[in-house]
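Welcome to a short set of worked exercises. Take a look at the fold below, then try each task before you read on to its solution.

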Amino acid sequence: MLIIKQPSAISEEIKRLRNNGKRIGFFPTMGALHEGHLSLLEESKKTCDIHACSIFVNPTQFNNPDDLMNYPRTPEKDLGILEKAGCDIVFMPEVNDLYALEKPFQIDINDLASRYEGASRPGHFQGVCRVVKLLFDAIGPDDAFFGLKDFQQCMVIQALVDQLHLPVALHFVPTLREPDGLAMSSRNLRLNKEEREEASAIYKALSQVKASFGKKPMGLILEEARASIEQHNHLQIDYLEIAESRTLKPFRENSTQSEPVVLAAIYAGDVRLIDNLLLK
Ligand code: AMP
């Protein structure tokens, strides 16, 4: 497994591989890897010859300096995990080296990015788009893999690729969960025992929404789901809403045109966890 720090070095290596007819799969991460990340690698193995991963904690997508500082970092362990899992290339750039290559671009993500994560974390998706564009420019993958756990992020990246006509095929990969349903996340490492136990209520609440959808009024479904979370001492709701999955506008009851998705961000102690479920 190659570990590359310089953007110019990865560009050259990928060019060499592509000249040899290889199809390049890429999945960006912020490290503290878990099996959810590896499911992106497994998906890459289905279509690509070479699998590249980036580990980069991107400062421009954090609006809260404490969150950036406390973000778990386990680089040695991550490299062991990737090597064992069959990753070919790991890109670990320095912030300054990567951002030195930035070329300004314009896209319109206001509609997609203004609610939910975008409302709670102003500037977050603009930072995500900046880093994904930089990583795509440096690596030039044929295929890129993102987790549906970050549902709104998937829609924003689709818009980035569509609006800039980037020559990359996007693949969105289902969320991998712990046995009790909690979505795997690097942030789970920061939960204490009680928070971890209570955090399983998030998936239960989303599943409850899915089971009741279409059978009860939407307002009541959301009320019940919120109440089932709020009964836990360590959990606090940031948002729990039903949206149209493509536009991410609030879902209109009885709409037959679009597919609903329930989106949630819940604090367990001071750790902010997100999850979602498609409702059809
Ligand atoms: P992160 O390191 O949290 O930025 O995540 C890197 C990529 O892994 C993103 O595309 C995430 O959506 C994806 N990912 C994170 N957790 C999971 C999970 N539990 N299942 C599938 N993909 C995931």
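**Exercise 1: the antiparallel sheet**

In this predicted model, S7 and strand S8 (residues 260-268) run antiparallel and are joined by nine bridges. Work out the strand order of the sheet they belong to, find its edges, and say which helices pack on it.

*Solution.*

Step 1. Begin with a single pair of residues across the two strands: Ile237 stands opposite Ile266 in S8.

Step 2. Now widen the view to the sheet, which is open, has three strands in the order S7-S8-S9, and pairs in the antiparallel sense. Strand S7 (235-244) and strand S9 (271-278) are the edge strands, since each pairs on one side only. On average, neighbouring strands here are turned by 15 degrees against each other, direction ignored.

Step 3. Add the helices. Helix H10 (residues 193-212) packs on this sheet and touches S7, S8 and S9, and its direction makes about 25 degrees with that of S9. Helix H11 (residues 218-230) packs on the sheet too, touching S7 and S8, with its direction at about 155 degrees to that of S7.

**Exercise 2: the parallel sheet**

Trace the order of the six strands that form the parallel sheet, and place H1 and H2 on it.

*Solution.*

Step 1. The order is S1-S4-S3-S2-S5-S6, in an open sheet with parallel pairing. Its edge strands are strand S1 (2-4) and S6, each of which pairs on one side only. From one strand to the next the twist averages 25 degrees.

Step 2. Check one of the pairs. Strand S3 (residues 50-55) and strand S4 (residues 89-91) are linked in the parallel sense over three bridges, and Ala52 stands opposite Ile89 in S4.

Step 3. Place the helices. Helix H1 (residues 7-19) lies across S1, S2, S3 and S4, at about 155 degrees to S4. H2 lies across S2, S3, S5 and S6, and runs at about 150 degrees to S5.

**Exercise 3: a residue on the edge strand**

Which residues does Leu170 contact, leaving aside its neighbours within four places in sequence?

*Solution.*

Step 1. Locate Leu170 in strand S6 (residues 169-173), which is an edge strand of the parallel sheet.

Step 2. List the contacts of Leu170 beyond those sequence neighbours: Phe136, Ala144, Phe146, Ile157, Gln158 and Val161.

Step 3. For a sense of spacing, compare the C-alpha atoms of Leu170 and Cys154: these residues are 16 apart along the chain, and the atoms are separated by 8.9 Å.

**Exercise 4: the ligand shell**

Describe the residues around the ligand, from the nearest ones to the make-up of the shell.

*Solution.*

Step 1. Pick out the nearest of the 17 residues around the ligand: His37, Gly147, Asp150, Leu176 and Met184.

Step 2. Look for polar contacts, with 3.5 Å as the cut-off between N or O atoms. A polar side-chain atom of His37 is 2.9 Å from a ligand oxygen atom. Gly147 uses a backbone N or O atom, also 2.9 Å from an oxygen atom of the ligand. For Asp150, a side-chain N or O atom lies 2.6 Å from a ligand oxygen.

Step 3. Turn to burial: the ligand taken alone exposes 480 Å², and the protein buries 93% of that.

Step 4. Trace the shell back to the fold. Strand S2 (24-29), helix H2 (35-47) and strand S5 (143-147) are the elements that give two or more residues to the shell, and H2 provides the largest share, four residues. By class, the shell has eight nonpolar, seven polar and two charged residues.

Key:
Residues numbered from 1 in each chain as written. Predicted model: local features only at pLDDT ≥ 70, side-chain atom pairs only at ≥ 80, totals over all residues. Heavy atoms only, no water. Near = heavy atom within 4 Å. Polar contact = N/O pair within 3.5 Å; in protein donor to acceptor, adjacent residues only side chain to side chain. Areas by Shrake-Rupley, 256 points an atom, 1.4 Å probe, with all protein chains shown as cover. Nonpolar A, V, L, I, M, F, W, Y, C, P; charged D, E, K, R; others polar. Pairing = 2+ DSSP bridges. Axes fitted to C-alpha atoms, helices over the stretch in contact; angles between N-to-C directions. Contact = heavy atoms within 4.5 Å.
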